[in-house]
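Here is a friendly walk through the side-chain packing and pairing in one protein model. Keep the structure open beside the text as you read.

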Amino acid sequence: MRLIDGTPQEIAEFLRLTQSEEDPDAGAPGDIDPDTSGESVGGALDWAQIAELVNGRARSPEIATRVLEFLRGAVALGNVEIGPGESERTRDGRTDYVMVRDAGVRRFGAVAYVKAINGGLTLRLTREDVADASEPAISFRNVRAGHQYVVNCPLRNDAAVQVALRLVQLALAKVRQ
């Protein structure tokens with residue numbers, strides 16, 4: 001076991017730099033829960049700023065369209081906030097992923113992380129949470145036992161976006177209990 005001392009951002013950066021091959025389907029940054037503090041990360045952005053961030057980072061217009069469709073659908077679920085985190089690695093100071101959070105009292109980190117660059121999506125769900133789902137869009141991260149962010153659902157097509165929105169509803173219900 002290795003002990004790491006530092007701020008959450010420093011630890012996240014250390015893990016990012018020292019991790020082996022990153023899962024391209026994942027939306028979460030590495031194998032951590034980046035924000036359990038309950039504090040707002042990245043500040044509030046309006047929809048135009050979110051769209052600019054996604055369009056500026058996506059590898060293609062098709063990916064940007066699917067990511068924005070997913071984010072619109074997540075917000076339409078009600079009582080949901082979206083926004084990027086902060087990063088010292090980017091010129092604009094924002095992360096390459098957008099978080100989807102419950103707008104209520106924050107006891108947990110985001111329920112979903114979506115990478116604008118490739119449409120990778122990671123949700124705050126475990127294998128057990130989706131045991132009844134048999135969707136080809138769902139995959140699993142190889143993370144330590146007890147990790148809460150296990151389910152991936154990359155936004156590769158319109159059907160995957162719809163599956164992802166159902167999974168976000170499940171993740172929201174889980175953190176709202």
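The report below goes from the nonpolar cores to the aromatic rings and then to the charged pairs.

**Nonpolar cores**

Please bear in mind that this is a predicted model. A good place to start is the largest nonpolar core, which has 40 residues. The residues with the most contacts inside this core are Val54, Phe70, Leu71, Val100, Leu121, Leu123 and Leu167. Helices H2, H3 (61-76) and H4 each give two or more residues to the core, and so do S1, S2, S3 and S4. Helix H4 supplies the largest share, with 10 residues.

To see the packing from one side chain, try centring your view on leucine 71. Leaving aside neighbours within four places in sequence, leucine 71 is in contact with Trp47, Ile50, Val54, Ile82, Val98, Val100 and Val114.

There is also a second, separate core of 5 residues, and Tyr97, Ala110, Tyr113 and Tyr149 are among them.

**Aromatic rings**

Three tyrosines of that second core turn up again here: ring pairs link Tyr97, Tyr113 and Tyr149 into a cluster. The count for the model is 2 aromatic pairs. How are the rings of tyrosine 97 and tyrosine 113 arranged? Their centres are 5.3 Å apart and their planes meet at 70°, so this pair is edge-to-face, given that planes over 60 degrees apart count as such. Tyrosine 97 belongs to strand S2 (residues 94-102) and tyrosine 113 to strand S3 (residues 112-115), so the pair ties together parts that lie 16 residues apart in sequence. Both tyrosine 97 and tyrosine 113 are buried.

Another ring has a charged partner: arginine 127 lies over the face of phenylalanine 140, at 4.1 Å from the ring centre.

**Salt bridges**

Side chains of opposite charge can pair when their charged atoms come close. The structure holds 5 salt bridges, and the table shows some of them.

| Acidic residue | Basic residue | Distance, N to O |
|---|---|---|
| aspartate 92 | arginine 57 | 2.8 Å |
| aspartate 102 | arginine 176 | 2.8 Å |
| aspartate 129 | lysine 174 | 2.5 Å |

Take the salt bridge of aspartate 92 and arginine 57 to begin with. It links distant parts of the chain, 35 residues apart: aspartate 92 is in the loop between strand S1 (80-86) and S2, while arginine 57 is in helix H2 (residues 47-57). Are these two partners buried or exposed? Aspartate 92 counts as partly exposed at 39% relative accessibility, whereas arginine 57 is buried, with a relative accessible area of 17%. Arg57 and Asp92 also belong to a network of salt bridges that takes in Asp96.

Next comes the salt bridge between arginine 176 and aspartate 102. Arginine 176 sits in the segment after helix H4 (158-175) and aspartate 102 in strand S2, so this pair ties together parts that are 74 residues apart in sequence. Here arginine 176 is partly exposed at 37% relative accessibility, and aspartate 102 is buried, at a relative accessible area of 12%.

The last row of the table joins aspartate 129 to lysine 174. Aspartate 129 is in the loop between strand S4 (121-123) and strand S5 (139-140), and lysine 174 is in helix H4, 45 residues apart. Aspartate 129 is partly exposed, with a relative accessible area of 29%. Lysine 174 is partly exposed too, with a value of 22%.

Technical notes
Residues are numbered from 1 along each chain as its sequence is written. This is a predicted model: local features need pLDDT of at least 70, side-chain atom pairs count only at pLDDT 80 or more; totals for chains, interfaces and linings use all residues. Side-chain values use heavy atoms; hydrogens and water are left out. Rings of Phe, Tyr and Trp (its six-membered ring) pair if their centres lie within 6.5 Å; planes under 30 degrees apart count as stacked, over 60 as edge-to-face and the rest as tilted. Helices (H or I, at least four residues) and strands (E, at least two) are DSSP runs, numbered from the N terminus. Buried means under 20% relative accessible area, exposed over 50%, partly exposed in between (1.4 Å probe, protein chains only). A charge sits over a ring if NZ of Lys or CZ of Arg is within 6 Å of the ring centre and within 35 degrees of the ring normal. A salt bridge is a side-chain nitrogen of Lys or Arg within 4 Å of a carboxyl oxygen of Asp or Glu. A nonpolar core is a set of buried Ala, Val, Leu, Ile, Met, Phe, Trp, Tyr and Cys residues joined through side-chain atoms within 4.5 Å. Contact means heavy atoms within 4.5 Å.
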